[in-house]
Amino acid sequence: MVTGTDWIRGGRSDFRQGEKLELVAMAAAPLRSATWTVDGRLTSKKVMAMTSSETGTKKAAVPLPSKTRSGSSSQTGQRPRRPRHPAEGIGRSREDSVHRRLKAFHEGRTGPPLRIIPIGGLGEIGMNCMLIGHYDRYIMVDAGLMFPDFDELGIQRVLPDTSFIHRWRDKIEAVVITHGHEDHIGALPWVVPALDPSTPIFATGFTMQIDESPVDGQVFDRVGLEQIGKEGVTLMMSDSTNVLSPGRTTSEKDVADALMRRVLAAKGRVIHTQFASNVHRLGSIKAAADASGRKMCFIGLSLKTYLEAAHKDGQAPFDPSILVNAADIDSYAPHEILIATTGSQAEPRAVLNLASFGGSKHLKLTKDDLVLYSAKMIPGNETRVVRMMNRITELGSEVIWGRGENLHTSGHAYRGEQEEVIKLLKPQHFLPVHGEFAFLKEHEKLAQSIGVRHTTVIKNGEMLGVSPLRNARVHSNGFSLLGKEKLTTMYNDGDKGFGSSVDLAVEERMHIAVEGIVIASVEIYRGDDHLEEEEEELDGGWEEIGPRGGIGGVDDGGMGEGEGDVAPEHEVRRGLRGRVRITTRCMWVDGGRLLERIHTEAVKVLRSSDRNTSLSAVERDISSAIRKVCRKYNNKRPEVVVIATESANDPNYGRR
Ligand SMILES: [Zn+2]
């Protein structure tokens, strides 16, 4: 079993009618199961509900394949086409005709028959999503998400370009999900509404690496692979995640043994943390709990979600109903309980992370606890995880972690296994997938070193054509770049927030976080003058409250600096009258002095503006003045928001 290693077979027989493309997704089992978990929370049912409501279709829009139906790997060749012809007419521009010719080249029935367009997952770890096609008929393999490394800015998920998927929906005849990890399945709630409502989705159960002694007894099918290799593989695509890790992954059985030893030796409570999706691992820890006479308890939602999904699919190692309720753990002696929990990546709201701060409702860590870290730190999370471990260690709990402990094995094949699979399949062409760009390059080198002649590395959006080599004497390089789509990365935040980085103001968030923000409210009065002495009151303050702004307010007359360079009276009367109020966030305001300076400048601009200046011109002039002040004062470039409004009454009249 190899996670995420999928390949296309396009031998002579497969192309006989010029129509059929056989996809073999290599996973724990052939495409046989319709159970999946999205994002640890949404179930397939919810995905369907979403499709129905967002496309306006009444019935469940995505037909879930039945167990009998989904066993076939050649489903996708059978559906009738729904061609979409662009409107014809005399008014069509020359650009249109160029576009049409390009389209004919990219999508037409000439050129290499096998086509690959990665929408995500190449040059990054996560967001796997790829179109694999025969001329213009495509299967989408995976619809994954990626977690941003700037999650503190509020963005929760990075998603593939759903507008591109929508544009190509008539060419996408099925979706195949290789396995139920978030980087392969997590974008479904956003991708499904972009697809044609009748597009079928096929999914597998749970998957693992090449494991000679897997805990579920399903041994890696070496003979089957060899057979496929003999029949001839046109193109192989393989997971590059661990290409830099030499040798082979350890067996899940070794992990089970290590967990067993640790649990049997423990005197007090045992707290176990792992990736929620690794249901086999839950079986191993349950066996250790049983052997040591401990009851098992889950604290954290996603463990239970995955176990229940596996249970429904008939693949769970035990019945979720035997679990002890989290609220009841204190009624057991420490040596009678084993707690499995979430938070192996120190996710801000996960139980183990909260417990490390003493902030978990059910899990209070003590010096007698043993914490088994049965996971790996995902690159990018190291600092966060180490800090969590520091906190747990300070609480006095014993932590068992690190590679030497054998408490975890990767779900991604190591270099030795990658090499073996390439040798078994002997592909004509090799395309590394699933990894950072440097990893893809490394994987390409590996394939070249063991004799694969045609290899290449492409990026998301690049459209690759592959021609099967009919005999050894064909000297084409087999690969050809057919085009490039400009893809837009999509984002999700909150519950519904969804769109491009522009829609979600990602750059602006970053800008405000780094540079701060200044807000100016300007009330303009264009009516008759009142008494001349009111000139001094062309001025205002912002009654500043709240912790973030600090002293951030200028009360009129409080500092007096604004009056220091007041223009002569006659100029004041010719200029605009009004009231300016300033506040800032995320900025150093130098004890209020910066605010005074900004205020003075804004007032100056107002006074020097012609009486008939439009509101938008006032806003523009004041904001450029504010920018200048901030740059001069502290070399900062904050976001500046100026809101000017007309006031029926002189806002300064009678204020003093
Ligand atoms: Zn993956």
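Which residues of the largest nonpolar core touch the most other members? Keep that question in mind while you look at the whole chain, remembering that this is a predicted model.

**The whole chain**

Show the protein chain as a cartoon, and you will be looking at 17 helices and 25 strands. Of the 656 residues in the chain, 53% are buried, and among the contacts with a separation of 6 or more, 77% are made by residues 24 or more positions apart.

**The largest nonpolar core**

Now select Leu-131, Met-140, Ile-165 and Trp-168, which are the residues that touch the most other members of this core of 28 residues. To see where the core is drawn from, colour strands E5 (114–120), E6 (129–134), E7 (137–141), E9 (172–177) and E10 (201–203) together with helices H3 (162–167) and H5 (188–191), since each of these elements supplies at least two of its residues. In soluble globular proteins, nonpolar side chains tend to be buried together.

Next, centre the view on Leu-131 and display its surroundings: leaving aside residues up to four places away in sequence, Leu-131 touches Arg-115, Ile-116, Ile-117, Ile-119, Tyr-138, Ile-139, Met-140, Phe-164, Trp-168 and Ile-172. A second core, separate from this one, has 26 residues, including Val-255, Val-263, Ala-266 and Leu-338.

**The zinc ion**

Select the zinc ion, and then show its protein donors, which are Asp-183 (OD), His-184 (NE2) and His-434 (NE2), at 2.0 to 2.1 Å from the ion. Along the sequence these donor residues follow the spacing D-H-x249-H. Distant parts of the chain are linked here, with Asp-183 in helix H4 (residues 182–185) and His-434, 251 residues apart from it, in the loop between strand E17 (429–433) and helix H13 (437–449). Are Asp-183 and His-434 buried or exposed? Both of them are buried.

**Helix H12 and its end**

Move to helix H12 (residues 415–425), where the buried residues include Glu-417, Gln-418 and Glu-420 as well as Val-421, Ile-422, Leu-424 and Leu-425. Just after H12 comes Lys-426, whose phi is positive, near 45 degrees.

**Two packed helices**

Finally, select helix H16 (residues 593–608) and helix H17 (residues 615–634), which pack at an angle of about 145 degrees, their axes being 9 Å apart, and turn the view until you can follow H16 as it passes H17 in a right-handed crossing. Among the residues that meet are Leu-594, Ile-598 and Val-605 in H16, and Ile-622, Ala-625 and Val-629 in H17. Taken together, the residues of this contact divide into twelve nonpolar, four charged and no polar.

Methods: Residues are numbered from 1 along each chain as its sequence is written. This is a predicted model: local features need pLDDT of at least 70, side-chain atom pairs count only at pLDDT 80 or more; totals for chains, interfaces and linings use all residues. Side-chain values use heavy atoms; hydrogens and water are left out. Donors are N, O and S atoms within 2.8 Å of the metal (3.2 Å for Na, K and Ca); water is not among the atoms, so sites may look incomplete. Helices (H or I, at least four residues) and strands (E, at least two) are DSSP runs, numbered from the N terminus. Buried means under 20% relative accessible area, exposed over 50%, partly exposed in between (1.4 Å probe, protein chains only). A nonpolar core is a set of buried Ala, Val, Leu, Ile, Met, Phe, Trp, Tyr and Cys residues joined through side-chain atoms within 4.5 Å. Contact means heavy atoms within 4.5 Å. Axes are lines fitted to C-alpha atoms, for helices over the stretch in contact, and angles run from 0 to 180 degrees between N-to-C directions. A crossing is left-handed if the near helix is turned anticlockwise from the far one by less than a right angle, and right-handed if clockwise. Ala, Val, Leu, Ile, Met, Phe, Trp, Tyr, Cys and Pro count as nonpolar, Asp, Glu, Lys and Arg as charged, and the others, Gly among them, as polar.
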